[in-house]
Amino acid sequence: MMAADTDNTRRGSSRFEDIDWNEVEQRSGSRPLLTTIKLGSFALFGLLALYDAIRNGPFAEWLLEYISGGPQAEYTVLGIEVATGAPTFDFGSFVWDVTGVDWLFVATLMVMFWYAVVPLARNPRMTRYYWRQFRKNRAAVISMVYLVVIFLVGTIVPLFISVPTSNFQAQLLPPVFTTVSTAAGGDCLVQVTDSVCRGTMAHPLGTTRDGRDILKLVIFGMRVSMQIGLIATLMNIVIATAIGASAAYMGGWVDELLMRYVDIQLTFPQFFLFLLLSYLFEPSLFLLIMIFGLFGWGGISRIVRSEALQRTEEEYFKAAQSAGASPLYVVRRHVVPNVSNSIITAATLAIPGLILAEAAFAFLGLSDPTIPSWGTTISAGRNYLGTAWWVATIPGLFLFFTILAFNFIGDALRDALDPRQE
Amino acid sequence: MSARTLLEVKGLKKHYPITQGVLKKEVGRVRAVDGVDFSVSPGETLGIVGESGCGKSTVATSLLRLEEPTAGDVLFEGEDITTYDKAELKRFRRRAQMIFQDPTASFDPRMSIGESVGEPLLIHGISDRNRRREIVKDLLERVGLSADDIDRYPHEFSGGQKQRVALARALVVNPELIVADEPVSALDVSIQADILSLMNDIQAEFDLAMLFISHNLGVIREVCDRVAVMYLGEIVEIAPTEELFSNPQHPYTRALLGSIPQPDPRQRGESITLSGDVPSPSNPPAGCRFHTRCPDVIPPEGYEFEQRHWRSVQDLRQRMRKGPLDLETVRTAHSDAAGDGHVQTAEDGQSVLDDEGLKAGIREEFDIPQRLSDDEAEDVLDRALTAEVSDDHESGRDLLDEEFQTPCEQTAPELRETSAGWEAACLLHDEQRQRVEQPADD
Amino acid sequence: MRWYVIRRVAWAAVVAFVILTITFLFLEITPDQQVAQLQFQAAQSGGDPEAALDAYEQRRGLNQPLWDRYTEYVTNYVQGNWGWSDTRSEPVLDAIVASLPYSIMYSAPSIVISTVVGMGIGLYSALNQYTKTDYAATFVAFFGISIPNFWFGIMLLLIFGETLGWFPIIFQTSIADTQTFSLANLRQLFLPIVVLSTGAIAGNMRYARAEALEYVRAEFVKTARAKGATGWRMLSRHILRPTLVPLSTLLVGDLLGLLLASSLLVEVVFGIPGVGRLSYDAIINQDTDLVLGTVFIPVFISVVGNLLQDIAYTVLDPRISYGDR
């Protein structure tokens with residue numbers, strides 16, 4: 001039978017009536033190559049994360065105590081030393097201690113790649129269509145360029161430069177090309193005259209009271225904003241989709257229960273929920289991301305649910321069923337892709353909210369003060385507003401433009417992906 | 001056509017419960033399909049025709065188990081599919097496919113038509129993307145599209161083209177039965193012929209059996225070998241197509257056929273208008289479900305009626321069951337039914353109709369003659385009307401109810417073979433058969 | 001319909017109750033800062049940390065069984081006993097009530113301004129789509145939604161306060177107390193009102209525009225136009241009425257949360273001793289009871305707001321049936 005198949009590859013087996021279904025049933029399905037690569041990449045990631053968790057993770061110490069019966073002991077699991085506190089990657093000059101947030105960020109990037117970038121690449125016609133729609137909005141295109149730059153700079157540059165540190169010889173320097181009188185009280189690196197302090201290229205955007213470089217603070221702030229925005233939003237999307245789709249599909253009391261819970265969660269204003277949790281738990285960046293991610297998904301789940309409900313009424317849903325598809329297949333292949341447009345739009349509009357919330361909390365002093373967030377810098381600059389205006393202004397400008405960019409893009413995406421108007 | 005049956009449906013029922021309150025207590029049922037039997041042979045096309053709401057689409061979804069039937073057996077090649085488990089059901093899905101009414105809604109807008117047509121192949125185990133593409137391209141050509149269309153999206157096609165794609169998708173797994181639910185109803189008339197002839201050709205080439213559902217008799221006549229007529233969840237007549245059209249046995253079929261618009265005025269016969277509204281499937285009439293609108297409804301024993309008048313009296317009787325008549329309308333519309341002698345002018349200038357005038361008006365309203373030919377019947381009617389106009393609605397109603405019962409509401413007819421050679425469900429035929437079998441009785 | 005209102009009110013009560021319960025659970029889970037401090041102090045001064053812990057727990061009533069503490073907690077809040085503020089040495093509720101007037105002073109005008117102006121501009125935009133005014137309005141809307149309000153406040157203070165000196169930088173409570181309706185008070189409230197309004201106007205405007213657009217394009221408006229109706233008459237009768245339905249809900253629902261959050265930041269930036277500032281101080285000083293109280297205020301406002309929104313929506317829109325919700 002196999003030989004005959006290869007002989008007739010051109011003519012015979014391209015006719016539907018020539019398919020030998022008995023043979024098809026006996027043969028088990030082979031997985032396409034791309035899926036294998038995708039699963040492989042996630043497996044590799046999982047292993048590395050586990051490795052780091054055992055070595056450095058928060059529960060590694062607990063694990064050590066539990067197994068060996070006392071702190072400070074040494075222990076190896078599968079050849080990996082537990083809870084050493086050593087950096088994850090230590091290859092000579094390249095040292096990178098991967099933090100929990102970093103792992104989350106890498107995971108987020110991987111998910112974005114496999115589930116957003118790859119499908120777009122495989123469907124060039126659709127991608128081109130969406131791009132043409134999107135391009136019509138000039139503001140959105142500029143925003144996209146801006147955000148890509150911010151993303152790249154914020155993700156890559158911090159790997160190669162050091163964290164901004166205090167430098168008491170360069171306090172309160174103004175940005176390059178500007179001057180300020182020395183009455184500001186800081187030590188000026190370059191002085192033109194006795195009473196005028198001039199900025200230098202060494203610190204193009206000036207410095208803070210501690211002498212920390214504002215450009216570095218801005219760059220690291222970019223990373224923080226990106227991390228919070230992307231990771232927490234991805235968590236929101238995943239949870240919201242799971243809950244919204246389940247509620248829509250299962251209906252009945254499951255639906256009722258879930259939506260009642262969402263009702264309650266949404267009634268509690270998101271800002272104050274985060275505020276209360278931040279007060280109670282005193283979060284690090286990691287915990288803050290967890291809080292945002294685990295409690296911010298309510299609105300999106302409602303959107304997912306209402307869209308999913310609409311889809312199940314559509315006839316192509318029934319058509320897939322009549323072709324023999326299992327319910328899981330139908331949800332995965334038909335409901336989720338059609339709902340994804342609304343999800344993407346909603347998510348893009350939710351990211352600025354999270355970034356703003358993080359900045360606000362940093363400003364209020366509620367989040368980890370060691371994180372170089374834009375909010376902390378603005379807060380620091382408030383005290384000497386009159387004398388050193390740049391400390392509060394410049395990070396704020398970046399914050400403003402980033403949020404503006406996301407809003408423009410979200411608006412344009414909504415028009416491109418979700419056109420209800422003729 | 002071989003003699004073995006491909007599909008046999010026995011006693012298929014599909015009811016939808018009507019619930020009330022938080023605990024979803026059942027307070028009623030919508031009997032969308034209430035016991036239908038039919039069979040389809042390989043290569044044959046059976047049509048199901050009826051007004052909208054009669055349950056024909058529900059028959060399609062229930063017999064394919066897209067919705068679970070409430071009761072009944074569906075035998076496909078001898079096996080009862082209502083007892084299939086998941087794996088067997090999936091295999092069955094390969095052998096019976098469905099085409100839907102709205103070509104736009106039946107395609108996922110985010111999938112190219114190539115992906116949509118190839119989807120059943122993927123579901124049933126052909127994971128090689130290239131092989132699927134080859135098969136789909138070949139099939140697209142054969143339904144009248146081009147192989148290059150494979151990557152296009154549904155919104156780029158017209159309604160007729162999309163229905164061709166739907167046909168391709170139904171064919172791709174090489175089924176033995178295709179259930180087509182109003183496949184051309186959403187298309188322009190000029191395109192309908194193309195699609196129908198395509199379906200005919202495909203059916204002939206691949207020896208497919210088809211269940212063709214439509215409300216359009218003209219289309220049914222074109223395509224089907226046999227036709228089943230449905231009314232309110234039941235089949236009332238089932239016959240070979242040409243015979244049905246030339247010699248309909250059931251009054252409902254006759255009424256349906258009479259309603260086909262004839263372009264040639266010389267060929268326009270008398271069209272039969274049905275009185276009343278279609279009853280609700282949650283509360284079907286007792287006995288024969290069609291009796292509330294049937295022009296041939298059987299008069300009761302003991303009274304001699306002209307059929308037309310009997311129908312009108314029955315209409316009145318049914319109307320009075322629902323409640324008191326609206327005498328105001330009668331007053332205004334039929335004030336001169338009894339002649340001028342019954343109209344008086346009151347002091348405020350308004351004309352008032354006396355009781356006789358009202359009764360005459362009611363008769364006119366319901367198309368009942370001013371005097372029935374049967375004296376006893378006339379007496380009953382007159383007494384009932386008198387009661388009605390004297391505000392004693394209950395006695396009038398009860399009187400009519402008791403005296404003018406029709407056998408059609410007491411017994412539900414079964415689908416039985418008539419003298420013409422095929423099955424219909426009407427007591428008239430039972431009567432005729434009884435008379436033939438027992439000529440001495442009367 | 002009355003049935004629906006009753007059910008909806010009952011649900012609001014359930015929501016409030018659940019929120020109380022969940023906060024209680026959160027409080028139970030998190031470690032109490034004061035405990036660690038107390039033990040540390042006890043150890044330093046040579047005393048017994050365990051005994052100190054016991055004494056603390058007894059004083060705070062923390063050694064009672066869980067259920068008793070829970071019921072006491074709930075009954076307290078329902079009855080209006082919202083705890084004691086250690087930092088201000090007064091009951092929490094009193095502290096909140098004392099700070100309310102200052103919050104209202106700037107938020108009330110903001111709400112009025114943003115609603116009227118926002119809806120007005122939105123409607124105008126919808127009617128004159130694609131004109132320069134429309135684009136300008138959309139641009140302003142984006143600006144308003146995107147700008148971080150605390151930073152905006154700081155910038156305004158920098159430009160109009162420090163540099164130009166038009167407005168005072170420091171909020172003087174005495175002026176607010178004694179000369180509430182004077183020009184001096186207005187001067188110091190002006191910038192806060194601007195900041196708070198900007199965000200709200202933007203949101204209002206976009207929403208009003210989107211909703212009105214749906215009706216402007218609707219068939220029945222075209223019919224009205226064909227009949228010859230023009231201008232204000234058409235605007236008010238055909239567009240304003242149906243638009244009011246979703247807009248009235250917008251007023252209360254989504255923007256409320258935003259407004260409350262913004263006001264907290266505004267008060268911190270401008271130094272206004274309102275409820276938000278109270279909350280901030282409480283957080284800084286670890287005054288848990290006060291933090292809880294000041295967080296509950298916006299939460300309960302939100303619950304009531306949502307309730308009114310739902311009822312208003314159902315009452316105003318004749319198309320929605322009260323039957324299944």
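Strands are DSSP runs of E with at least two residues, numbered from the N terminus. The model shown in these views is predicted.

**View 1. B:Glu77 sits in a loop between two strands of chain B.** The flanking elements are strand 4 (71-76) and strand 5 (79-80). Phi of B:Glu77 is near 50°. That value is positive, and the residue is not a glycine. The relative accessible area of B:Glu77 is 33%. Partly exposed covers the range between under 20% (buried) and over 50% (exposed), so B:Glu77 counts as partly exposed.

**View 2. B:Leu232 is a loop residue with a positive phi.** The loop of B:Leu232 joins strand 9 (226-231) to strand 10 (234-240) in chain B. Its phi is about 50°, although B:Leu232 is not a glycine. Is B:Leu232 buried or exposed? B:Leu232 is buried, because its relative accessible area is 3% and the cut-off for buried is under 20%.

**View 3. B:Ser419 occupies a loop of chain B.** Strand 13 (416-417) comes before this loop, and strand 14 (423-424) comes after it. B:Ser419 has a relative accessible area of 72%. The cut-off for exposed is over 50%, so B:Ser419 is exposed. How far apart are the C-alpha atoms of B:Ser419 and B:Ser127? They are separated by 56 Å. Along the chain, the two serines are 292 residues apart.

**View 4. Four acidic residues of chain B form a negative surface patch.** The members are B:Asp326, B:Glu364, B:Glu365 and B:Asp367. One of them, B:Glu365, belongs to helix 12 of chain B. That helix spans residues 355-365. The relative accessibility of B:Glu365 is 37%, which means that this residue counts as partly exposed. Patch residues need over 30% relative accessible area and no salt bridge.

**View 5. Chain A combines helices and strands.** How many helices and strands does chain A have? There are 16 helices and seven strands. Chain A has 422 residues, and 47% of them are buried. Consider its contacts with a separation of 6 or more. Of these, 70% link residues 24 or more positions apart. The accessible surface of chain A is about 21,100 Å². Carbon and sulfur atoms account for 62% of that surface.

Definitions and conventions:
Residues numbered from 1 in each chain as written. Chains lettered and ligands numbered in written order. Predicted model: local features only at pLDDT ≥ 70, side-chain atom pairs only at ≥ 80, totals over all residues. Heavy atoms only, no water. Patch = residues over 30% accessible without salt bridge, like charges linked within 9 Å, V, L, I, M, F, W, Y side chains within 5 Å. Areas by Shrake-Rupley, 256 points an atom, 1.4 Å probe, with all protein chains shown as cover. Salt bridge = Lys/Arg side-chain N within 4 Å of Asp/Glu carboxyl O. Lys, Arg positive; Asp, Glu negative; His and termini not counted. Charge placed at Lys NZ, Arg CZ, Asp CG, Glu CD. Helix = DSSP H or I, 4+ residues; strand = E, 2+ residues; numbered from the N terminus. Buried < 20%, exposed > 50% of the residue type's maximum accessible area, 1.4 Å probe, protein only. Contact = heavy atoms within 4.5 Å.
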